[in-house]
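Here's a quick briefing on a structure you may want to click through as you read. Keep the viewer open and follow the residue labels.

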There are 2 protein chains.
Amino acid sequence: IDTQAAKAARQRQDQLTKPQGSLGRLEEMAIRLAGMQGTASPSVDPVQILQFVSDHGVAAEGVSCFPQEVTIQMLHNIARGGAAVSVMAEAIGARMEIFDVGIATDPGPVEGVISARLGAGSGNIAHEAAMTEDQLATALDLGRTAVERALDKGARLIVCGEMGIGNTTPATALSCALLGLKPQELTGPGTGLNPEGVAHKTQVVARALALHAAAEQSPLELLRRLGGFDTAASTGAFIAAAQHGLPILVDGFIISSAALAAVLISPDVRHWMLFSHRSAEPGHRRMMEALDGDPYLDLGLRLGEATGAAAVVPLLRLACTIHQKMATFGEAGVSEA
Amino acid sequence: IDTQAAKAARQRQDQLTKPQGSLGRLEEMAIRLAGMQGTASPSVDPVQILQFVSDHGVAAEGVSCFPQEVTIQMLHNIARGGAAVSVMAEAIGARMEIFDVGIATDPGPVEGVISARLGAGSGNIAHEAAMTEDQLATALDLGRTAVERALDKGARLIVCGEMGIGNTTPATALSCALLGLKPQELTGPGTGLNPEGVAHKTQVVARALALHAAAEQSPLELLRRLGGFDTAASTGAFIAAAQHGLPILVDGFIISSAALAAVLISPDVRHWMLFSHRSAEPGHRRMMEALDGDPYLDLGLRLGEATGAAAVVPLLRLACTIHQKMATFGEAGVSEA
């Protein structure tokens, strides 16, 4: 982080024709981005969304309202432009790469989808590790190379998204393990479970945690055992983005579990993170507390796919435009307080 | 409100390829706009900002950090494109009409400013009524005709903004009178008063309330005695917008006092209001409670000028675009829960 650039941005904000601090977090956004990008003219464009679609063996435990076939259906829907994130990415003018990182059935070539399959879904964490060491290494590498490719094309903000039936369960188990929390402290309804469904899901998370409790408790090993291909790729992307000095905009519940893993693996990654929104998934609050994250939006979103991050992009752009284009007291001949 | 259109919009949201309700308030935005506009395809474009700049006699009581000359300086700055709202309006592609509704010194012709002067600032509410009955009627009419002009040009969302040194004081006094609250329950730092300044401002509000306590307590008469040219014009604009079925996006503290006046004058106006943000001015919370308003953003803004409303416009647009462009389960061949 370029503290000089951040300080200069703070000074500029204080000279713009408004009461000091009166644009609140819009000022903070510009200042933080200036510090991350080491510039007086922060910008988030181009925005790069990395969309990781995968299946999760734990879906077999009946932890979702939706059948697993929805994952492949949604992969096609995202690629064809019909999903929420497809519409939002186009509307905000963000670039998006869509990855099949391992859905249950190989869809074959799909226009607009990068086939990067790590398997036919991750392992069922209630019975086995989510992935092998090779799969974990490949997933982390996939995230890293995607970030480096985005950087080569000029990206100035990295967003990870995910889709995959059942994936709040591994995200919950992983976060419980990383934070030392009990299953009932983090488990929620996901896409819409009723109270009985949440109780069952809590038991599944508890079984997964018990199964892997005797293993090494390093964040990387917990990610391998309790995560998913989506969160592992996102973790790799976040670590690489921070290494390259690229701002990260963290999406909701699932991606926050990857953010948590990334920060526990490499604490400096935290400095490159902005937090988009408070998820309606109740456990997200604890994850934000652990990350010391203060999300910008609280609109009751609980969809994933990077949709919460996409909603914040126009605000980040406004913050940057205000920072660059507003007149100072001196320029405008306006008296100061 | 077209409850059939709102119901149809709710049904469409429930058929889009996402868990029901998972886009939270982005769904609510589209549904409310559909009901207001009586259409399956809600849109906020074109957005019309009406910017009312005026002075307030009560500034003579030393209730602001800034000297009164800042009002005329900011009028020029807004017109020249250097103010926060100028930059934001351009960035979001909103139309803006800028009105001199009565600043202390007549600036003469200013490019981009409509001269609609009701006087050389409103009366000092600690000593007299803010305006005469004629001035009030003219201000209300000014807001109404501005809305009708916007409607003729196709506007689909009305936003009022304001600028004027000292104007949190009449907004506070007016809101106290309208809600039956004590000065200390609503008075805050405005553009940045220290605690001594807030204590003094509270006394000024108390004196104004005491002076006008024996008068008729109708909302219209309280607006005349304790408001300002900016809030009176905004009140007129809000009532007219509701009469013409045009959605209103309410800005921060000052404009919320106008919203309160409008709703107390004509309760149906409430149905046409969306609330943009929670102001950092502490008393705003009580005003939102009284209006049963649940603002979309909470970013610590306290600038006015319609900047909080402008920040919400991209979210309203995203909500409308999602509503129109996302695929349904049937269209995308995605299985339902």
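What follows walks through a few helices, some buried residues and a handful of salt bridges.

This is a predicted model, in which local features need pLDDT of at least 70, side-chain atom pairs count only at pLDDT 80 or more, and totals for chains, interfaces and linings use all residues. Residues are numbered from 1 along each chain as its sequence is written, chains are lettered from A and ligands numbered from 1 in the order in which they are written, and side-chain values use heavy atoms, with hydrogens and water left out.

**Helix 8 of chain B**

- Helices here are DSSP runs of H or I with at least four residues, strands are runs of E with at least two, and both are numbered from the N terminus.
- The 17 residues of helix 8 of chain B should span 24 Å at 1.5 Å a residue, and the end C-alpha atoms are indeed 24 Å apart; the expected span is 1.5 Å times one less than the number of residues.
- Its buried residues are B:G197, B:V198, B:K201, B:T202, B:V204, B:V205, B:A208 and B:L209, where buried means under 20% relative accessible area, exposed over 50%, and partly exposed in between (1.4 Å probe, protein chains only).
- These buried residues cover an arc of only 165° around the axis, so they sit on the same side of helix 8 of chain B; the arc is taken from the directions from the helix axis to the C-beta atoms.
- On the face turned away from that buried side you'll find the exposed residues B:P195, B:E196, B:Q203 and B:A210.
- The cover over the buried residues includes helix 6 (168-179), helix 7 (183-186) and helix 9 (219-226) of chain B.
- B:L209 belongs to this helix, which runs over residues 195-211, and has a relative accessible area of 17%, so B:L209 counts as buried.
- Leaving aside neighbours within four places in sequence, B:L209 is in contact (heavy atoms within 4.5 Å) with B:A173, B:C176, B:A177, B:P183 and B:L226.
- B:L209 and B:A177 are 32 residues apart in sequence, yet their C-alpha atoms are 7.0 Å apart in space.

**Helix 2 of chain A**

- Helix 2 (residues 24-37) of chain A has 14 residues and reaches 20 Å from first C-alpha to last, close to the 20 Å expected at 1.5 Å a residue.
- Because 11 of its 14 residues are buried, helix 2 of chain A is largely enclosed by the rest of the structure.
- Both chains help to cover it: the list includes helix 1 (3-15), strand 6 (273-275) and helix 13 (307-325) of chain A, together with helix 4 (84-92) of chain B.
- Right after helix 2 of chain A comes A:G38, with a positive phi near 60°.

**Two buried spots in chain B**

- B:D55 is in the loop between strand 1 (47-54) and helix 3 (69-80) of chain B.
- B:D55 is buried yet has no salt bridge, and the nearest side chain of opposite charge, B:R117, is 7.1 Å away; for charge, Lys and Arg count as positive and Asp and Glu as negative, while His and the chain ends are not counted.
- What the side chain of B:D55 does reach is the backbone nitrogen of B:A104, at 2.7 Å.
- B:V101 lies in strand 2 (residues 95-102) of chain B and is buried, with a relative accessible area of 0%.
- Beyond neighbours within four places in sequence, the contacts of B:V101 include B:F52, B:L118, B:L142 and B:F229.

**Salt bridges**

- A search of the whole structure finds 38 salt bridges over all chains, each being a side-chain nitrogen of Lys or Arg within 4 Å of a carboxyl oxygen of Asp or Glu.
- A:D141 pairs with A:R144, the closest N and O atoms being 2.4 Å apart; both lie in helix 5 (residues 133-152) of chain A, 3 residues apart, about one turn of the helix.
- A:K201 forms a salt bridge with A:E281, with closest N and O atoms 3.9 Å apart.
- A:K201 lies in helix 8 of chain A and A:E281 in the loop between strand 6 and helix 12 (284-291) of chain A, so the pair ties together parts 80 residues apart in sequence.
- Both A:K201 and A:E281 are buried.
- B:R286 and B:E185 meet at 3.4 Å, N to O, linking helix 12 and helix 7 of chain B across 101 residues.

Key
Polar contact = N/O pair within 3.5 Å; in protein donor to acceptor, adjacent residues only side chain to side chain.
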